[in-house]
Amino acid sequence: MAVPARTCGASRPGPARTALPWPGRGPRPGPGARRPPSGPPRPLLLLLPPLLLLPLFAAPGASAYSFPQQHTMQHWARRLEQEIDGVMRIFGGVQQLREIYKDNRNLFEVQENEPQKLVEKVAGDIESLLDRKVQALKRLADAAENFQKAHRWQDNIKEEDILYYDAKADAELDDPESEDVERGSKASTLRLDFVEDSNFKNKVNYSYTAVQIPTDIYKGSTVILNELNWTEALENVFIENRRQDPTLLWQVFGSATGVTRYYPATPWRAPKKIDLYDVRRRPWYIQGASSPKDMVIIVDVSGSVSGLTLKLMKTSVCEMLDTLSDDDYVNVASFNEKAQPVSCFTHLVQANVRNKKVFKEAVQGMVAKGTTGYKAGFEYAFDQLQNSNITRANCNKMIMMFTDGGEDRVQDVFEKYNWPNRTVRVFTFSVGQHNYDVTPLQWMACANKGYYFEIPSIGAIRINTQEYLDVLGRPMVLAGKEAKQVQWTNVYEDALGLGLVVTGTLPVFNLTQDGPGEKKNQLILGVMGIDVALNDIKRLTPNYTLGANGYVFAIDLNGYVLLHPNLKPQTTNFREPVTLDFLDAELEDENKEEIRRSMIDGNKGHKQIRTLVKSLDERYVDEVMRNYTWVPIRSTNYSLGLVLPPYSTFYLQANLSDQILQVKYFEFLLPSSFESEGHVFIAPREYCKDLNASDNNTEFLKNFIELMEKVTPDSKQCNNFLLHNLILDTGITQQLVERVWRDQDLNTYSLLAVFAATDGGITRVFPNKAADDWTENPEPFNASFYRRSLDNHGYVFKPPHQDALLRPLELENDTVGILVSTAVELSLGGRTLRPAVVGVKLDLEAWAEKFKVLASNRTHQDQPQKQCGPSSHCEMDCEVNNEDLLCVLIDDGGFLVLSNQNHQWDQVGRFFSEVDANLMLALYNNSFYTRKESYDYQAACAPQPPGNLGAAPRGVFVPTIADFLNLAWWTSAAAWSLFQQLLYGLIYHSWFQADPAEAEGNPEARESSCVMKQTQYYFGSVNASYNAIIDCGNCSRLFHAQRLTNTNLLFVVAEKPLCSQCEGGRLLQKETHSDGPEQCELVQRPRYRRGPHICFDYNATEDTSDCGRGASFPPSLGVLVSLQLLLLLGLPPRPQPQVHAHASRRV
């Protein structure tokens, strides 16, 4: 769509570029004369033919300035290029540093990174590490099955008969309202002493295990006490495992009854409110307890499902979704006379975090109306499961139906779709309190290898939406050894503070038989797990030999990264896995899609690609060459990749055998040498085991010097490679000071500092006083200027970072500078590498003045300004005519570097659209800049304050999930039923909105994970000098833009805007909160993935007779009324708590 006349800008920003509204779009001659602001409206230049767009002069006898000719501005550009190049040649010292390296050639060797050998070695090391954990897992699983088989069930077992360490005991003792404190049942709990262990990031006790039992399970029940009794024997196996492999971290047995026993013992992380942790809902347990699932959830929304019952259903569906992992597929539909999906998803979709979020939000919009039609619901579900044209799990198929009851058995539907093979399991859930006959619901489940559950109240939701996993585990148990395969999980946050981990899981089966000659038990006892910290895997990868821009990464069968330098979640929720796709960790393109697919398929490969990469500060995008090499990690579901820039094929390895030279170079690290040799920052690396880390580089250097006075660089406790390279680079950069910097007058060229940074970890800043204003990262590999200089040829300008919301720069004491850096490329024996970056720091104010002179008609600063006489015709320049002419240097990210406008100096470093939106938009529309948009799925955002809409009156007691659990709110289903309609009207909206993070006492509940949209700009396809016009009618602006050779700068000269009419759309660069890409569209083109290689969803010997039963006891109205009144008064009685476990758990 063409821009209408007298509107601003070439077009509004968007994916499609709008052509400028004149014939032809290429470079064009044609600046016109600028009218005085007070004169008559100037003619619309766009009405003239392009060939007639020549300079228009004022009437003879009057002085007039015209917009500069193209050749004039090209001349200014050349002067700028020459000035920058001259300063860098004198002070940068690139050539001199090359000579220094060659002069010291005997002090280092050039080593080669061989990608295939490297990646195979690392993959082998990771395989060996994980294999040791697998052996420990198998010992634990075998022992657990034998211990349980030998255990004799005790009906009369009591709490005082069992002695164990309750991990939550200390927290509960500190809580005077704790149920267990009031009951006085702590006699069976051990009190332990703990020691700090840095490996666990926790205080631990190596002699005992700890036990965690979910809050909604009664610790004194017979089932739980028997579970504690037989699992106690695992303690010795845990200890023996650690003796054989001291690197083992948490060893955990998660029981199907909800009991967690882990080693070594450590106190449970006490939440602020109620602890809702249940091991059966952890990602690693779900993955280990059953094969992948294809699940369709259908919800009865007929008119009879109203009030509390509908709320219970909504909450139940959300809890059910939380039992699914990324290996599973799901869809949710509601039904009455007809069935329809609750969301935009029309077929099964992967049960990842973002898809589940869509479902949970959609479920809240369900409304009850119409009549019940089970047939419509089941036919929809079976059609979904029979759709073979989509990606799905292709394993356990199941239908989960939530209803308040009904009489129809829909046998004809089952006969048509599911019988006689019964490949789809049906689970039915009777929700709420009612008097319907539940026999049809029981029959549906029993006739289709499923299970029937009742959810009369909120307290029954969590337990009854997860116990279907016991049924799915039957084929695994019956398969025996064939199903005993270790699986490795996605990355997730450890609940005990270990950080990001992966877990190896192995199911534990019940090997007992009910009697002589009887069929063996088909229950899964639980899942055994052993954690591996990601940091332990990272230690097996090469760190500093790959250079600043080389790295190792690993992905799983879902394409999620296990290792990647961009895997840095700002906040983690231990209830969900950390699922960052490889294509979201990097900037996606077709080449990376091919690499990802090949890795998921378990292939080896190598590919050199041209791709886009974000800078470390995420302000810039560079187009670079990268070499990708990948191999599978055997015996796992992971694949390992190596990424190397071409210039990182080789690296330097110092060989400082001369101890006298070591001492000499080391002295240049001493602060006493800084005044003459410049300040030295050293990268905070792990040079030696006993080196104390510190975020303060001065303190870290002090610790380093103190340690070096005790040990030598060849000490066995130190990393000799790192130490030798550090000391070598100390000496080499000192020679740069001696040969180049010391005898130069920086003030003559308006420089605040000169600097050099190296792969070895040295950053030397000269003079010493300049270090006071040095804000770059002391680790060169983590410094944006360093990494970008390696990836870009020529001089890379980096203005100070400014946020539009922050106050402008303070231009005092000449402390604000602009970094200009360039890589030092060595060629040694035909091998090319870039071991260092050098640069200068420009004085902003002085160079802004110099910029005006260079872009003017003066040849040097001392020459008088040329005056335009009464009868002469002059071209405007950036100095004399700075009130009419805007001249700027903008970097490749679109950030302002220099301006001839004094009032813009404090805006240096801002995105140029915040300075001159109209001009930046024109540059974008004329292809000087290209835009790249992406999403950051690891961001942290402040939580939104909850609204008051639909909230209950403050004077009314509103129970949350935590209150229900703490007060034993659900004393009986019938008691709650008596008051449900009364209370429902008061607390319609707020019952089930308890924030899980708050309920679980997440200390970081102040922030939550969110998606941020990022936008970066980089140079487009235009390289030549270019004149154009911004069409705003009588407010139109001429501008000229030209890239400066051998820099990342764009030189722009433009008329200043005459009126506010010339204000078009504003390009945005700032990161903004987003919902991410439209999930409904993404699921139509799902990314490639593969599920686990094995599936256990059928066994001919499975006994399906245990398929659920309803509760039946006649409640006493008088007793229930009394109980409920006591609860409402805040005086909860102490009912005998009940554990929710199948009767078949009794062995």
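# A tour of charged pairs and a covered helix

Select Arg788 to begin: with a relative accessible area of 4%, this residue is buried. The model on the screen is a predicted one, and every stop below should be read with that in mind. Now add Asp892 to the selection, which is buried as well, at a relative accessible area of 6%. The side chains of Arg788 and Asp892 meet in a salt bridge, with 2.4 Å from N to O. Colour the surrounding elements next: Arg788 lies in helix α24 (residues 784-791), while Asp892 sits in the loop between β33 (885-891) and β34 (896-899), so the pair ties together parts that are 104 residues apart in sequence.

From here, select Asp581, Asp584, Glu588, Arg596 and Arg1087 together, since these residues are joined into one network by salt bridges that share partners. In general, side chains of opposite charge can pair when their charged atoms come close.

Turn next to Asp328 and Lys293, another salt bridge, in which the closest N and O atoms are 3.3 Å apart. Asp328 belongs to the loop between α9 (308-321) and β9 (329-335) and Lys293 to strand β8 (residues 293-300), so this pair ties together parts that are 35 residues apart in sequence. Are these two residues buried or exposed? Asp328 is buried, and Lys293 is buried too.

For a pair in another setting, select Asp536 and Arg539, whose side chains form a salt bridge at 2.3 Å, N to O. Asp536 is partly exposed, its relative accessible area being 25%, whereas Arg539 counts as exposed, at 58% relative accessibility. Across the whole structure, a search finds 40 salt bridges.

Leave the pairs and select Glu361, Asp1075, Glu1078 and Glu1081, which form a negative surface patch. Within this group, Glu361 has its place in helix α10 (residues 353-363), and because its relative accessibility is 53%, Glu361 counts as exposed.

The next stop is helix α26 (residues 917-925), which is mostly covered, with 9 of its 9 residues buried. Show the side chains along the helix: the buried residues are Ala917, Asn918, Leu919, Met920, Leu921, Ala922, Leu923, Tyr924 and Asn925. What do the buried residues of α26 pack against? They pack against β33, β35 (929-941), β36 (1008-1019), β37 (1026-1030), β38 (1037-1043) and β39 (1049-1055), and displaying these strands together with the helix brings that packing into view. Following α26, select Ser927, where phi is positive, near 65°.

Then move to Glu493, which is found in strand β16 (residues 491-493). Glu493 counts as buried because its relative accessibility is 18%, the cut-off for a buried residue being under 20%. If a distance is drawn from the C-alpha atom of Glu493 to that of Ala533, the viewer should show a separation of 9.8 Å, although the two residues are 40 residues apart along the chain.

Finally, zoom out to the whole protein, which has 31 helices and 40 strands. Of its 1147 residues, 58% are buried, and the accessible surface comes to about 47,900 Å², with 49% of that area belonging to carbon and sulfur atoms. Among contacts in the protein with a separation of 6 or more, 74% are accounted for by residues 24 or more positions apart.

Definitions and conventions
Residues are numbered from 1 along each chain as its sequence is written. This is a predicted model: local features need pLDDT of at least 70, side-chain atom pairs count only at pLDDT 80 or more; totals for chains, interfaces and linings use all residues. Side-chain values use heavy atoms; hydrogens and water are left out. Patches are made of residues with over 30% relative accessible area and no salt bridge: like charges are joined within 9 Å, nonpolar side chains (Val, Leu, Ile, Met, Phe, Trp, Tyr) within 5 Å. Accessible areas come from the Shrake-Rupley method with a 1.4 Å probe; for residues, only the protein chains shown count as cover. A salt bridge is a side-chain nitrogen of Lys or Arg within 4 Å of a carboxyl oxygen of Asp or Glu. Lys and Arg count as positive and Asp and Glu as negative; His and the chain ends are not counted. The place of a charge is taken as NZ of Lys, CZ of Arg, CG of Asp or CD of Glu. Helices (H or I, at least four residues) and strands (E, at least two) are DSSP runs, numbered from the N terminus. Buried means under 20% relative accessible area, exposed over 50%, partly exposed in between (1.4 Å probe, protein chains only). Contact means heavy atoms within 4.5 Å.
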